[in-house]
Amino acid sequence: RGTAGFAHVSCLAEQAKILVADAEERNLDDDKFERWYTCGLCEQEHHGVVRCALGWACWKTYVGRPETDSFRQCAMSVLGSGLSDADHLEDALSVREA
C-alpha cells in the first residue's frame, strides 16, 4: 500500500481480475492480460515470485473456460511466464508445451 513497496498478492489478483472483466465488458482492444503482470500504479512489470503467484491466480481464474477460449490460452501464457520468471523452468516448459 502506498510507498511501502508491499501489496497482498490476493489484492493484486482481484484487481487484475476486475480490470480484465471491465475491459472485456467495454470491448477494449488493448492487452487486457497485461493487468496480470504489470502494476497499475507505476506500470512496471511484476517479477519473481510475485509474477509467479499472479500467474497461478490468473490460471485459477480462467481454467474453467473451454480449452479453445482465448482467455484460458492467455492465462496459460501468463502462468508460463510467471513460472519462468521465478526460475521454475521445468514447470514453465510443461505449461508452454500444453
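Is D30 buried, exposed or partly exposed? Before selecting that residue, bear in mind that the model on the screen is predicted. D30 belongs to the loop between α1 and α2, and its relative accessible area of 37% places D30 among the partly exposed residues. With D30 still highlighted, show its surroundings: once residues up to four places away in sequence are set aside, D30 touches A23 and R35.

**From D30 to R35**

Select R35 next, which is found, like the previous stop, in the loop between α1 and α2. Not counting residues up to four places away in sequence, R35 touches A16, L19, V20 and A23, and it also touches D30. If you then add K17 to the selection and join the two C-alpha atoms, the distance between R35 and K17 is 8.2 Å, although 18 residues separate them in sequence.

**Two residues with positive phi in the loop**

Remain in the loop between α1 and α2 and select N27, which lies there. N27 is not a glycine, yet its phi is positive, at about 55°. The side of the question that concerns solvent is settled by its relative accessibility of 61%, for which reason N27 counts as exposed. Now move along to E43, which has its place in the loop between α1 and α2 and has a positive phi of about 65°, again without being a glycine. The relative accessible area of E43 is 63%, and E43 is therefore exposed.

**The pair of helices, α1 and α2**

Colour helix α1, residues 9-25, and helix α2, residues 48-62, and turn the view until both axes can be followed; these axes come within 10 Å and cross at roughly 50°. The two helices are therefore oblique to each other, and the crossing in which α1 passes α2 is right-handed. To see what makes the contact, display V9, L12, A13, K17 and V20 on α1, together with V50, A53, L54, A57, T61 and Y62 on α2. Sorted by class, the residues of this contact are 9 nonpolar, 1 polar and 1 charged.

**A buried arginine in α2**

While α2 is coloured, select R51, which lies in this helix. Its relative accessibility is 12%, and because buried means under 20% relative accessible area, R51 counts as buried. Showing its partners, with neighbours within four places in sequence left aside, brings up Y37, E45 and H46, as well as S81, G82 and D85, all of which R51 contacts.

**The largest nonpolar core**

For the last part of the tour, which residues have the most contacts inside the largest nonpolar core? Select V20, F33, W36, C58, Y62, V78 and L83, which hold that place in a core of 21 residues. Two or more residues of this core come from each of the elements α1, α2, α3 (70-85) and α4 (89-97), and α2 gives the most, with 6 residues.

End by centring the view on F33, one of the residues with the most contacts inside the core. Leaving aside neighbours within four places in sequence, F33 is in contact with V20, C58, Y62, F71, C74, A75 and V78. Two of these names will be familiar from the helix pair, since V20 of α1 and Y62 of α2 also take part in the contact between those helices.

Technical notes. Residues numbered from 1 in each chain as written. Predicted model: local features only at pLDDT ≥ 70, side-chain atom pairs only at ≥ 80, totals over all residues. Heavy atoms only, no water. Axes fitted to C-alpha atoms, helices over the stretch in contact; angles between N-to-C directions. Helix = DSSP H or I, 4+ residues; strand = E, 2+ residues; numbered from the N terminus. Parallel < 35°, antiparallel > 145°, perpendicular 65-115°, else oblique. Left-handed = near helix turned anticlockwise from the far one by under 90°. Contact = heavy atoms within 4.5 Å. Nonpolar A, V, L, I, M, F, W, Y, C, P; charged D, E, K, R; others polar. Core = buried A, V, L, I, M, F, W, Y, C linked by side-chain atoms within 4.5 Å. Buried < 20%, exposed > 50% of the residue type's maximum accessible area, 1.4 Å probe, protein only.
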